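This report looks at how a protein and its DNA partners are placed together. Please have the sequence and the model at hand while reading.

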Amino acid sequence: MPELPEVETIRQTLKQLVIGKTVESVDVSWPKIIQEPDDVEQFSTFLQGQTMHDIRRKGKFLLFDLDKHVIVSHLRMEGKYGVYDHNDEVMAHTHVIFHFTDGTELRYRDVRKFGTMHLQEKGMETTKKPLVLLAKDPLEADFSLQTFKEKVQKSERNIKNILLDQSVIAGLGNIYVDETLFLAGVHPLIKGASLTDEQVIQIKQAAVMTLQDAVRQGGTTIRSYVNSQGQIGMFQQQLNVYAQNDSPCSKCEDIIMKIKVNGRGTHYCPTCQPI
DNA sequence: CTTGTGTCCTGCCGGC
DNA sequence: TGCCGGCAGGACACAA
């Protein structure tokens, strides 16, 4: 499940492969992925003749900048992009193909079909869903610690749930929330309202460290990992708690626990993250 | 207003 | 062996 670091790695790699290319046509075989416009035919016709100029990232969203439009794309759990030659075999679960005029293709694959694409007018993307309520991610220079602190401390929800809320802090998913709370030494079930200023600052710093570290790892491994199929992959960084349940904690040797928090698998160290 | 629940979708896993 | 129910998960619509 791609979170901020994975999306950032995909962005950097994909950018090299599609910038300057012009869309000749678009095929969509699972229309539900296209959330906007309502008519999938329009998605295709609007894109024809437009050139890819940049790929940006906002939180876990990828933004493809074209001449007049922006494609706002979310990979959800299993979405993947790859650039292929038009003669390459189309792999299973390919749902959207952007054919370029140079004979290459940008293909979107997604086993679960949970991913989404919104085609919006250039410049309008931050004024409407899905981006309108999206918070800053903690790696952005203008991330406001003050705003973050206020949102956290006025909430009765548990901190795990708060950190998954993209309107509070963008970019964290289930894996990096668990890693962030471990690094901050905060138990996932503690209510936002009962966290001290120091704890909230710790959490923000831990999020920055966790995400930076992961981006760095994606950045170092990505070079050798764009295969001939045009697929972009990456190696999983070392995780302290996520999927480490029943193993000893890397800090204190206590056994990592796995519980459910709001329906999400949640991993923590009972000693390093006291209730 | 805030918080909780259902929904989408399919591969996988455990139980029988 | 093979079937089948249940589960996982990000974000949103809707309910309470």
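Which residues are around DNA strand B?

## DNA strand B

The residues around DNA strand B, counted as near if one of their heavy atoms lies within 4 Å of it, are W30, K32, H93, V111, R112, K113, F114, K154, S155, E156 and R157. Of the atoms of DNA strand B that come within 4 Å of the protein, 71% belong to sugar and phosphate.

Among the polar contacts (pairs of N or O atoms within 3.5 Å), a side-chain N or O atom of K113 lies 2.4 Å from a phosphate oxygen of DNA strand B, and a backbone N or O atom of E156 lies 2.8 Å from a phosphate oxygen of that strand.

## Basis of the model

The model is predicted, and local features need pLDDT of at least 70, side-chain atom pairs count only at pLDDT 80 or more, and totals for chains, interfaces and linings use all residues. Residues are numbered from 1 along each chain as its sequence is written, chains are lettered from A and ligands numbered from 1 in the order in which they are written, and side-chain values use heavy atoms, with hydrogens and water left out.

## DNA strand C

DNA strand C is surrounded by 15 residues, of which H74, R112, K129, K260 and R264 are the closest. Sugar and phosphate make up 64% of the atoms of DNA strand C that come within 4 Å of the protein.

Phosphate oxygens of DNA strand C lie 2.6 Å from a side-chain N or O atom of H74, 2.7 Å from a polar side-chain atom of K129 and 3.0 Å from a polar side-chain atom of K60.

Technical notes. A polar contact is a pair of N or O atoms within 3.5 Å; within protein, one must be able to donate a hydrogen and the other to accept it, and residues adjacent in sequence count only if both atoms are side-chain atoms.
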